[in-house]
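The following exercises are to be worked with the sequence and the coordinates at hand. Each task is followed by a solution in steps.

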Amino acid sequence: MSAAALQEVSTDALMREITRRLECQSKPDKRMILIGPPGCGKGTQSPKIKADHCLCHLATGDMLRAAVAARSPNGVRAKQAMESGGLVSDDIVVGIIEEAIKQTDCRNGFILDGFPRTVPQAKMLDEMLQKKGVCVDKVLDFQIPDEVLVERIEGRWIHADSGRSYHTKFSPPKIPGLDDLTGEPLMKRKDDNAATLKSRLDAFHTQTQPVIDYYQKAGRVVNIHANKPAADVEAQINSALK
């Protein structure tokens, strides 16, 4: 932040940020993966986990877009793959994650959301972390019946820049259609509908169960019963991360 920009920040805001950073220095490192079907509540809980444990939140799509925009070596490779109509290879994605966790806001650890989706991806991720002398500490498996997800998905609204998630029934914004913190308009994802959800759920269960089984063998999986009020889910997560 430039000196001119810093002058615009209030003393109270600066003191709060200094206090937050001091508190973060005493937090233990944590590296975790969030696994769950679309609409399970990860979007509601991840900002709380991030804030409480001073972690960075790494969503695969966001990381890819950031790497492409920054023109990093892996970002360039990812752009070439996408422009040619191919898939971004696992080694590129793991390379982008490796770049991301070097950032200052990841010094206490990270929350991975949307990766790994397959066992080969999980093994590649583990190999990269092992070279750094660390590993995934916890895998939070958000469990919820498929039939409950339809109502959740169809009522979901998103703040595009932050990823904050709202629901017209279960977690509505203070002002309909607007983000609580910024007042900016909320958006609805084009694939938040019942037909698309069924297809996504089928793919999720087929791909992801082997990943859960892989980490279960290492004793790292904690089942989160996500078909409960947000406060109850938060309490389960807090217990799992003690």
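Helices, of at least four residues, and strands, of at least two, are DSSP runs numbered from the N terminus. The model is predicted.

**Exercise 1. Backbone exceptions**

Task: Determine in which loops cysteine 54, arginine 71 and proline 116 are found, and describe the backbone geometry of each residue.

Solution.

Step 1. The general expectation is that most residues other than glycine have a negative phi and that most peptide bonds are trans.

Step 2. Cysteine 54 belongs to the loop between helix 3 and strand 2. Although cysteine 54 is not a glycine, its phi is positive, at about 55°. With a relative accessibility of 11%, cysteine 54 is buried, because the cut-off for that class is under 20%.

Step 3. Arginine 71 is placed in the loop between helix 4 and helix 5 (73-83). Arginine 71, a residue other than glycine, also has a positive phi, near 55°. Its relative accessible area is 71%, so arginine 71 is exposed.

Step 4. Proline 116 sits in the loop between strand 3 and helix 7. The peptide bond that joins phenylalanine 115 and proline 116 is cis, with omega about 0°.

**Exercise 2. The sheet**

Task: Establish the strand order of the open sheet of 5 strands and identify its edge strands.

Solution.

Step 1. Strands of a sheet pair through backbone hydrogen bonds, either parallel or antiparallel.

Step 2. Strand 2 (residues 56-59) pairs with strand 3 in the parallel sense over 4 bridges. Within strand 3, isoleucine 111 is the residue opposite histidine 57.

Step 3. Strand 1 (residues 30-35) and strand 3 run parallel and are joined by 5 bridges. Here isoleucine 33 faces leucine 112 of strand 3 as its opposite residue.

Step 4. Strand 4 (residues 138-143) and strand 7 are likewise parallel, with 5 bridges. Valine 222 in strand 7 is the bridge partner of leucine 140.

Step 5. The complete order is 2-3-1-4-7, with parallel pairing. Strand 2 and strand 7 (221-225) are the edge strands, each pairing on one side only. From one strand to the next, the twist averages 25°.

Step 6. Two helices can then be placed on these strands. Helix 4 (residues 60-70) lies across strand 2 and strand 3, at about 85° to strand 2. Helix 9 lies across strand 1, strand 4 and strand 7, at about 150° to strand 1.

**Exercise 3. Burial of strand 3**

Task: Explain why strand 3 is described as largely enclosed.

Solution.

Step 1. In a regular strand the side chains alternate between the two faces of the sheet.

Step 2. On one side of strand 3, Gly109, Ile111 and Asp113 are buried, and on the other side Phe110 and Leu112 are buried, so that both faces are covered.

Step 3. Since 5 of the 5 residues of strand 3 (residues 109-113) are buried, the strand is largely enclosed by the rest of the structure.

**Exercise 4. The surroundings of isoleucine 49**

Task: Characterise isoleucine 49 by element, burial and contacts.

Solution.

Step 1. Isoleucine 49 is part of helix 3 (residues 42-53).

Step 2. Its relative accessible area is 4%, and isoleucine 49 is therefore buried.

Step 3. When residues up to four places away in sequence are not counted, isoleucine 49 touches Met32, Leu34, Cys54, Leu55, Ile111, Leu140, Ile237 and Leu241.

**Exercise 5. Helix 7 against helix 9**

Task: Classify the crossing of helix 7 and helix 9, and analyse the residues in contact.

Solution.

Step 1. Two packed helices are described by the angle between their axes and the distance between the axes.

Step 2. The axes of helix 7 (residues 119-131) and helix 9 (residues 194-217) cross at roughly 40° and come within 8 Å. The two helices are therefore oblique to each other.

Step 3. Helix 7 contributes Val119, Ala122, Lys123, Leu125 and Asp126 to the contact, and helix 9 contributes Pro210, Val211, Tyr214 and Tyr215. These residues divide into 7 nonpolar, no polar and 2 charged.

Step 4. The structure holds 1 aromatic pair. The pair is formed by tyrosine 214 and tyrosine 215 and is edge-to-face, with 4.9 Å centre to centre and 75° between the planes.

Step 5. Tyrosine 214 is partly exposed at 23% relative accessibility, whereas tyrosine 215 is buried at 0%.

Conventions
Residues numbered from 1 in each chain as written. Predicted model: local features only at pLDDT ≥ 70, side-chain atom pairs only at ≥ 80, totals over all residues. Heavy atoms only, no water. Buried < 20%, exposed > 50% of the residue type's maximum accessible area, 1.4 Å probe, protein only. Contact = heavy atoms within 4.5 Å. Pairing = 2+ DSSP bridges. Axes fitted to C-alpha atoms, helices over the stretch in contact; angles between N-to-C directions. Parallel < 35°, antiparallel > 145°, perpendicular 65-115°, else oblique. Nonpolar A, V, L, I, M, F, W, Y, C, P; charged D, E, K, R; others polar. Phe/Tyr/Trp six-rings, centres within 6.5 Å; stacked < 30°, edge-to-face > 60°.
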